[in-house]
Amino acid sequence: MELVNSERARAGCAPLKVNEKLTEAARAHSQDMADHRNMSHTGSDGSGPGDRIERAGYEWRTYGENVAHGYRTPESVMDGWMSSPGHKRNILNCSFEEIGVGLAQPGDYWTQTFGAAR
């Protein structure tokens, strides 16, 4: 989260706050990807990011999700996301106010879940 907020500060965005429900959704999705050895925005049950954050009890106005696989450190995964236009766009989306982060093994499956509540 510190790495995300550092990038956001450089872009003029407010810092994100950790949200337990978004964290629950991110961790569950990372574990699902690790369990099935499949990096995707679609869960093994066919769910999408909005489905998963709603299932965790988060009532969203807007949301986004970044996923990654194989990066060993937070710094390396952030470098990867910041080098990808779509992932970078989520990180620097000033309309997002909250974040949840998940990491699961084996295989270093990462999820960032962003949101702004209703």
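Is Cys13 buried or exposed? Cys13 is buried, with a relative accessible area of 8%. Keep that in mind as you go through these close-ups of a predicted model.

**View 1. Cys13 and Cys94 are joined by a disulfide.** If you haven't met one before, a disulfide is a covalent bond between the sulfur atoms of two cysteines. Here the S to S distance is 1.9 Å. Searching the whole structure turns up one disulfide. The torsion about the S-S bond of Cys13 and Cys94 is about -75°, so this disulfide is left-handed.

**View 2. The disulfide links two loops.** Cys13 sits in the loop between α1 (2-11) and β1 (17-18). Its partner, Cys94, is found in the loop between α5 (85-91) and β3 (98-104). The pair therefore ties together parts that are 81 residues apart in sequence.

**View 3. The two cysteines, one by one.** Take Cys13 to start with: its relative accessible area is 8%, so it falls under the 20% cut-off for buried. Now look at Cys94, which has 45% relative accessibility and counts as partly exposed.

**View 4. Helix α1 packs with helix α4.** Helix α4 covers residues 74-82. The two helices meet at an angle of about 40°, and their axes are 10 Å apart. Their crossing is right-handed.

**View 5. Zooming in on the residues between α1 and α4.** From α1, the contact is made by Leu3, Val4 and Glu7. On the α4 side you'll find Pro74, Glu75, Met78 and Met82. Sort these contact residues by type and you get five nonpolar, no polar and two charged.

Technical notes. Residues numbered from 1 in each chain as written. Predicted model: local features only at pLDDT ≥ 70, side-chain atom pairs only at ≥ 80, totals over all residues. Heavy atoms only, no water. Disulfide = S-S within 2.5 Å. Helix = DSSP H or I, 4+ residues; strand = E, 2+ residues; numbered from the N terminus. Buried < 20%, exposed > 50% of the residue type's maximum accessible area, 1.4 Å probe, protein only. Axes fitted to C-alpha atoms, helices over the stretch in contact; angles between N-to-C directions. Left-handed = near helix turned anticlockwise from the far one by under 90°. Contact = heavy atoms within 4.5 Å. Nonpolar A, V, L, I, M, F, W, Y, C, P; charged D, E, K, R; others polar.
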